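Visitor: I have a structure open in front of me and would like to learn how to read its features one by one. Could you walk me through it?

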Amino acid sequence: MRRRRVWRTSLHCENRLLECRVVAEEGGGRPCSRKTHRLADRGGMAPTQVLQVTDQGWAWVVLMAVLISQGLSLGYPSCVGVFYKDIQASFQATNSETSWLPSIVTAVLHAGGPICSILVECYGCRVAVFLGGILAGVGMVSSSFAQNIFQLYLTAGFITGLGLSLAFQAGITVLGYYFVRRRILANAFASSGASIGMAAWPLISQYLLNRMGWRGTFLIFGGVLLNCCVCGSVMRPNRPPPSALGAAQQTNEDDRQKSSPSPQLPTTSCIVSQQSSSGCRLKKYLAFDLLCHNKRYQIYTLSITWLVMGFMLPLFYLVPYATSSGIEESRAAMLVSTIGLINIIGRPLAGFISQMACLKGQLLYVVSTAAMVNSLSNLIAALWNSYAMLLVYCVVFSISMSFLGSLVFQVLMDIVGMERFPGAFGLFTIMGSITILIGPPLAGLLVDFTGHYRYIFYAITVNGCSAALFLGLSAFALKRKEAKLQETAKLAKMEPLMGEPKKTDEVHQNPPEVIFLTTI
């Protein structure tokens with residue numbers, strides 16, 4: 001009874017808090033007390049009232065927190081190439097062995113989707129981002145004391161990658177609850193945080209590497225990544241946790257049972273909750289049913305999975321490729337920062353362009369075109385290795401990357417909807433992490449076999465162009481098939497209407513007259 005009274009008080013305070021906010025915005029009341037705010041923050045807003053607090057107010061604070069957390073979580077993998085030569089020399093490792101470090105951290109960053117979905121479902125986005133910041137900080141601090149390359153795989157690769165995954169993916173999820181009308185724009189601005197991190201991390205890494213070595217730099221990075229905890233602390237829940245909803249429903253059921261003396265059959269919610277199994281949980285966090293039955297999700301997931309195998313490789317191998325061509329290390333690090341600087345402007349601009357009326361319903365083709373341009377741009381780096389031409393390559397690569405970065409998750413939301421997004425996103429990231437994991441080691445083997453970094457960029461071109469062609473042509477063929485099916489369905493509906501008058505005429509038509517001849 002005591003627990004039920006606590007939940008009743010909490011739900012009452014949630015409703016009271018929203019009423020006070022609405023009245024305060026209209027200018028007709030005063031804000032609620034701090035005690036009410038604390039009680040409401042435990043469970044968030046009621047589900048029927050979520051739309052009243054989206055796209056305004058605290059949503060912009062959450063957007064800024066997501067921007068910073070993405071800059072921290074996605075910026076670190078972009079600077080691993082700066083430490084590539086030093087780590088390789090420190091542990092006397094081959095190119096293939098050294099390539100496993102960026103491969104593991106990037107793969108775990110994307111594969112942590114189901115774990116993040118479970119944490120978000122049970123504890124909310126705030127706790128998931130906070131835990132991710134702690135794991136990332138501990139992993140980087142531990143990596144500064146690594147004695148061999150395998151310890152570095154575990155600390156700077158797996159532990160740090162898992163922490164960055166929680167901070168990154170929970171941030172994407174929380175935007176879906178705080179933004180509805182401006183969701184495309186919010187995703188574009190949030191993804192620009194990755195661009196800021198991509199621009200800042202390589203320059204800071206090169207500066208610290210020259211003065212403190214890679215071990216001291218990793219130790220400092222551990223403290224920097226702890227700031228993800230600060231970003232998570234401002235992500236107030238915008239929906240009640242399942243435990244609160246279950247307790248409220250149970251309280252209402254008990255009240256109805258007390259008020260009516262006659263026995264009642266168990267409600268539908270109780271039956272569903274009792275029949276929940278591991279299959280239902282698998283469907284919730286890994287949407288295999290969408291992969292089997294949703295054609296658009298199939299095409300999109302397979303295309304992006306194949307694309308990302310080579311998409312991240314320029315961030316890892318551009319600095320070693322430039323230094324092997326006789327370019328100074330500081331200028332080589334500036335190439336990666338150039339990609340990030342252009343992305344800062346390019347991603348919000350891509351978000352604005354994607355909201356144009358002429359592109360409504362055509363975002364899948366925009367992603368396909370951007371992937372094709374991004375892949376073909378690698379030929380510039382493969383054919384010319386001068387600093388000027390590498391700058392041109394960075395400009396073209398970053399512009400096309402801006403459209404991909406700002407639209408890849410938005411298109412996924414449009415395909416599956418917000419209700420199925422956590423499960424679809426979990427499977428989407430796991431499949432992508434498999435190819436991300438094998439991409440850098442295969443590239444390292446190619447370098448060990450040929451002795452040149454140039455061939456990596458040729459391989460990226462083939463990989464990306466094939467993925468872009470498959471995505472564009474498959475989406476076009478599916479759209480034409482759906483249009484033909486709709487046209488056939490319309491004709492099937494029109495045929496009975498067109499044939500109805502003929503049937504009535506035949507029914508009302510007089511039978512032919514019969515004449516009997518009796519005499520000649």
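Guide: Gladly! Let us begin with the aromatic side chains: Y76, F83, F91, W201, W214, F218 and F221 come together in one aromatic cluster. Keep in mind that this is a predicted model.

Visitor: How many aromatic pairs are there?

Guide: The count comes to 15 aromatic pairs.

Visitor: How should I describe one such pair?

Guide: Two quantities do the work: the distance of the ring centres and the angle of the planes. Take Y300 and F428: their ring centres are 5.8 Å apart and their planes meet at 10°, so the pair is stacked, since planes under 30 degrees apart fall in that class.

Visitor: Which parts of the chain does that pair link?

Guide: Distant ones. Y300 belongs to helix α15 (residues 295–311) and F428 to helix α21 (residues 421–450), and 128 residues separate the two.

Visitor: Are Y300 and F428 buried or exposed?

Guide: Y300 is buried, with a relative accessible area of 0%. F428 is buried as well, at 6%. The cut-off to remember is that buried means under 20%.

Visitor: What about I434, which also lies in helix α21: is I434 buried or exposed?

Guide: I434 has 51% relative accessibility and so counts as exposed, because the exposed class begins over 50%. Its C-alpha atom is 9.8 Å from that of S103, although these positions lie 331 residues apart along the chain.

Visitor: Which residue lies over the face of Y387?

Guide: That is R331, at 4.0 Å from the ring centre.

Visitor: Let us turn to helices. How does the span of helix α18 compare with what its residue count suggests?

Guide: Helix α18 covers residues 363–376, which is 14 residues. At 1.5 Å a residue it should span 20 Å, and its end C-alpha atoms are indeed 20 Å apart, so the two values agree.

Visitor: And which residues of α18 are buried?

Guide: First the general idea: an α-helix has 3.6 residues a turn, so residues three or four places apart point the same way. In α18 the buried residues are L363, L364, V366, V367, S368, A370, A371, N374 and S375.

Visitor: How do I read the packing of two helices, say α3 and α8?

Guide: Look at the angle and at the distance between the axes. Helix α3 (residues 58–78) and helix α8 (residues 149–178) pack at about 155°, with axes 9 Å apart. That angle makes α3 roughly antiparallel to α8, because angles over 145 degrees count that way. The crossing of α3 and α8 is left-handed.

Visitor: What changes when α3 packs with helix α9?

Guide: Helix α9 spans residues 183–225, and here the angle is about 50° with the axes 5 Å apart. α3 and α9 are therefore oblique to each other, and α3 passes α9 in a right-handed crossing.

Visitor: How are α5 and α8 oriented?

Guide: Their axes come within 6 Å and cross at roughly 25°, so α5 and α8 are roughly parallel. Their crossing is right-handed.

Visitor: I would like to see contacts between residues far apart in sequence. Where does L166 lie, and which residue is 4.9 Å from it, C-alpha to C-alpha?

Guide: L166 is in helix α8, and its C-alpha atom is 4.9 Å from that of G132, with the two positions 34 residues apart along the chain. L166 counts as buried, at 2% relative accessibility.

Visitor: Is there a similar case to try with L135?

Guide: Yes. L135 sits in helix α7 (residues 125–143) and counts as partly exposed, with 25% relative accessibility. L135 and I159 are 24 residues apart in sequence and 6.2 Å apart in space, C-alpha to C-alpha. You can also try C229, which lies in helix α10 (residues 227–233) and is buried at 10%. C229 and V129 are 100 residues apart in sequence, while their C-alpha atoms are 6.4 Å apart.

Visitor: One last feature: what should I look for in backbone angles?

Guide: Most residues other than glycine have a negative phi. Q92 has a positive phi, near 55°. Q92 lies in the loop between α4 (84–91) and α5 (95–111), and at 69% relative accessibility Q92 counts as exposed.

Key. Residues numbered from 1 in each chain as written. Predicted model: local features only at pLDDT ≥ 70, side-chain atom pairs only at ≥ 80, totals over all residues. Heavy atoms only, no water. Phe/Tyr/Trp six-rings, centres within 6.5 Å; stacked < 30°, edge-to-face > 60°. Helix = DSSP H or I, 4+ residues; strand = E, 2+ residues; numbered from the N terminus. Buried < 20%, exposed > 50% of the residue type's maximum accessible area, 1.4 Å probe, protein only. Lys NZ or Arg CZ within 6 Å of the ring centre and 35° of its normal. Expected span 1.5 Å × (residues − 1). Axes fitted to C-alpha atoms, helices over the stretch in contact; angles between N-to-C directions. Parallel < 35°, antiparallel > 145°, perpendicular 65-115°, else oblique. Left-handed = near helix turned anticlockwise from the far one by under 90°.
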